[in-house]
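New notebook page, new structure. I'm jotting down what I looked up, spot by spot.

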Amino acid sequence: MKHIYDMLIIGGGPAGYTAALYASRAGLDTLIIEKMSAGGQMALTDIIDNYPGFDQGIDGFSLGMQMQAGAERFGAKTEYGEVLSVDLLPEIKKIITDSGEYFSRTVVIATGAAPRVLGVENEENLIGRGVHYCAHCDGRFYKNKTVMVVGGGNSAVSDALYLSRLAKKVYLVHRRDTLRATKIYHDPLMKAENVEFIWDSAVVELLADGRLNGVKVKNLKTEEEREVSLDGLFISIGRKPVTELFGNALALDEAGYIIADETTKTNISGVYAVGDVRTKALRQVITAASDGAVAAHFAEEYCNLIQK
Ligand code: NAP
């Protein structure tokens, strides 16, 4: 006979493991399916010092392991594998992974959002060694140093402003000659004396000697290339929600995020979206964890309702 879980969570980041903690502690039979290891994007962060309770901060990998252990203490189970397809519409939902089939009354989607990469050679090898995707996470390592931000949207501009208060010099490289970012950011950025714009340009090569020490920037209009010496590069060209598997059934916004409000409820009964994968204003560990708790609350209510 097939086993039917009360809650199946796809993705073992802070949102997923908090949902697991709350659900298993409330007595729900809970399974997390995780592709790699606990923590998600958070596990790639050197130091998290804006998650309360850690007076010295904590590295993302350790926090992920602790969140997993905390949920497993109450009986939540983790299966490692990749989800290949989902059938979310029936009352008993079916998830197929590369290691088997799973059934559950509720599904919590906690697949997160991954930063878009530039796609230049060596980018992946230099992550954490001069190449970063989150200024608010890693900017503090660049006090009085020279950094570059790539992008022209709200994130890039807010990253550049944030870094301009820490670093000695900030270059902002954008592939066009106008920012996409909302006007409110333009003035303070233009006024920041240590910010230099490099318009119509792209980073085409990373220069490194063990760690990043510069980049080659190409002007896309003149094709002229020049080298810029740097201590750090912050790539801020948007994020990509991991929702490819769900688009047919779940309502997504134009950027691909699952439409769900603070209740985390999606357009399908018994399916919740938590953390960075859902439409929301602030994507942080604490707001992801908060979503997990809220989803477990509504999932428990839903399970009670359908089992009556
Ligand atoms: P975004 O608005 O999609 O902007 C991405 C930027 O990166 C654009 O300027 C884009 O250039 C550039 N870009 C994209 N692919 C590139 C590539 N391969 N190479 C070089 N440049 C590339 O993304 P975001 O800035 O991360 O913002 C995401 C969402 O969060 C937005 O809705 C934004 O408004 C919101 N947000 C809001 C705030 C705030 O209001 N405080 C702060 C942060 C984010 P083009 O302009 O040429 O397309």
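I started at Asp59, which sits in the loop between β2 (30-34) and α2 (60-72). Helices (H or I, at least four residues) and strands (E, at least two) are DSSP runs, numbered from the N terminus. A note on the source: this is a predicted model, where local features need pLDDT of at least 70, side-chain atom pairs count only at pLDDT 80 or more, and totals for chains, interfaces and linings use all residues. Residues are numbered from 1 along each chain as its sequence is written, and side-chain values use heavy atoms, with hydrogens and water left out.

Is Asp59 buried or exposed? I got partly exposed, at a relative accessible area of 29% (buried is under 20%, exposed over 50%, partly exposed in between, with a 1.4 Å probe and protein chains only). Its C-alpha atom is 8.5 Å from that of Leu44, 15 residues apart along the chain.

Next, the largest nonpolar core (buried Ala, Val, Leu, Ile, Met, Phe, Trp, Tyr and Cys residues joined through side-chain atoms within 4.5 Å). I found 30 residues there, and Met7, Ile9, Leu63 and Val108 touch the most other members. β1 (4-10), α1 (14-25), α2 and α6 (285-307) each give two or more residues. The largest share, eight residues, is from α6.

Last, I checked phi angles. Most residues other than glycine have a negative phi. Asn122 has a positive one, near 80 degrees, in the loop between β7 (113-115) and β8 (131-132). Asp200 is also positive, near 50 degrees, and is buried at 13% relative accessible area.
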